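Reader: I'm new to this one. Please pick a single part and walk me through it slowly, along with whatever surrounds it.

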Amino acid sequence: MQKIRKGDKVVVLTGKDKGRTGEVIQVLPKEDRAVVRGVNMVKRHQRQTQAQEAGIINKEASLHISNIAIVDRDGKPTRVGFSVVDGKKVRVAKRSGEVIDG
């Protein structure tokens, strides 16, 4: 079970986008990386295909999971722990003790 999942609202802790928040759109568990919508934008030279035109496009690059944290209900970053509730293992915010996923 991972601490950060697709769909989580996260905040960037370090780097050029420090303090920016966004939604996780992809998690790469083997590389310990995640892609966050609107954060860590890079320019890519795109070759023309049937579906897409050629040119320079902006897209999100992945961030290391250690550089992002889940946003607690008060808008501040929190660490994630695990707890067993009703026989199910759930993620819990360390800051507030609130269950992250139902």
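Author: Let's start at Val 27, which touches Gln 2, Ile 4, Arg 5, Lys 6, Arg 33, Ala 34 and Ile 65, leaving out residues up to four places away in sequence. Contact here means heavy atoms within 4.5 Å. Keep in mind that this is a predicted model, where local features need pLDDT of at least 70, side-chain atom pairs count only at pLDDT 80 or more, and totals for chains, interfaces and linings use all residues. Residues are numbered from 1 along each chain as its sequence is written, and side-chain values use heavy atoms, with hydrogens and water left out.

Val 27 also belongs to the largest nonpolar core, a group of 12 residues. Such a core is a set of buried Ala, Val, Leu, Ile, Met, Phe, Trp, Tyr and Cys residues joined through side-chain atoms within 4.5 Å. Buried means under 20% relative accessible area, exposed over 50%, and partly exposed in between (1.4 Å probe, protein chains only). Ile 4 and Ala 34, both touched by Val 27, are among the core members too, as are Val 24, Val 36 and Leu 63. At least two residues of this core come from each of strand S1 (9-12), S2, S3 and S7. Strands (E, at least two residues) are DSSP runs, numbered from the N terminus. As a rule of thumb, nonpolar side chains tend to be buried together in soluble globular proteins.

Now for how those strands line up. Six of them make an open antiparallel sheet, in the order S6-S3-S2-S1-S7-S8. At the edges sit strand S6 (63-64) and strand S8 (77-78), each pairing on one side only. Two strands pair if DSSP finds at least two bridges between them. S2 and S3 run antiparallel and share 4 bridges, with Val 24 standing opposite Val 36 in S3. S3 is also joined to S6, by 2 bridges and again antiparallel; there, Ala 34 faces Leu 63 in S6. So which residues in these two pairs are core members? Val 24, Val 36, Ala 34 and Leu 63 are in the core, because they appear in its list along with Val 27. Over by the other edge, S7 and S8 pair antiparallel over 2 bridges, and Val 71 has Pro 77 as its bridge partner in S8.

Go back to S2 and S3 and look at the turn between them. The hairpin they form has 4 residues between the strands, and Asp 32 is found in that loop, between S2 (21-28) and S3 (33-36). Its phi is positive, near 55°, even though Asp 32 isn't a glycine. Most residues other than glycine have a negative phi. Is Asp 32 buried or exposed? Neither quite: Asp 32 counts as partly exposed because its relative accessibility is 42%.

A similar backbone angle turns up past S3. Asn 40, in the loop between S3 and strand S4 (41-46), has a positive phi of about 60° and is not a glycine either. Asn 40 counts as buried, because its relative accessibility is 14%.

Right after that comes Met 41, in strand S4. Met 41 counts as partly exposed, since its relative accessibility is 36%. Beyond its neighbours within four places in sequence, Met 41 is in contact with Lys 16, Asp 17, Asn 58, Lys 59 and Glu 60. Met 41 and Asn 58 are 17 residues apart in sequence, while their C-alpha atoms are 6.2 Å apart in space.
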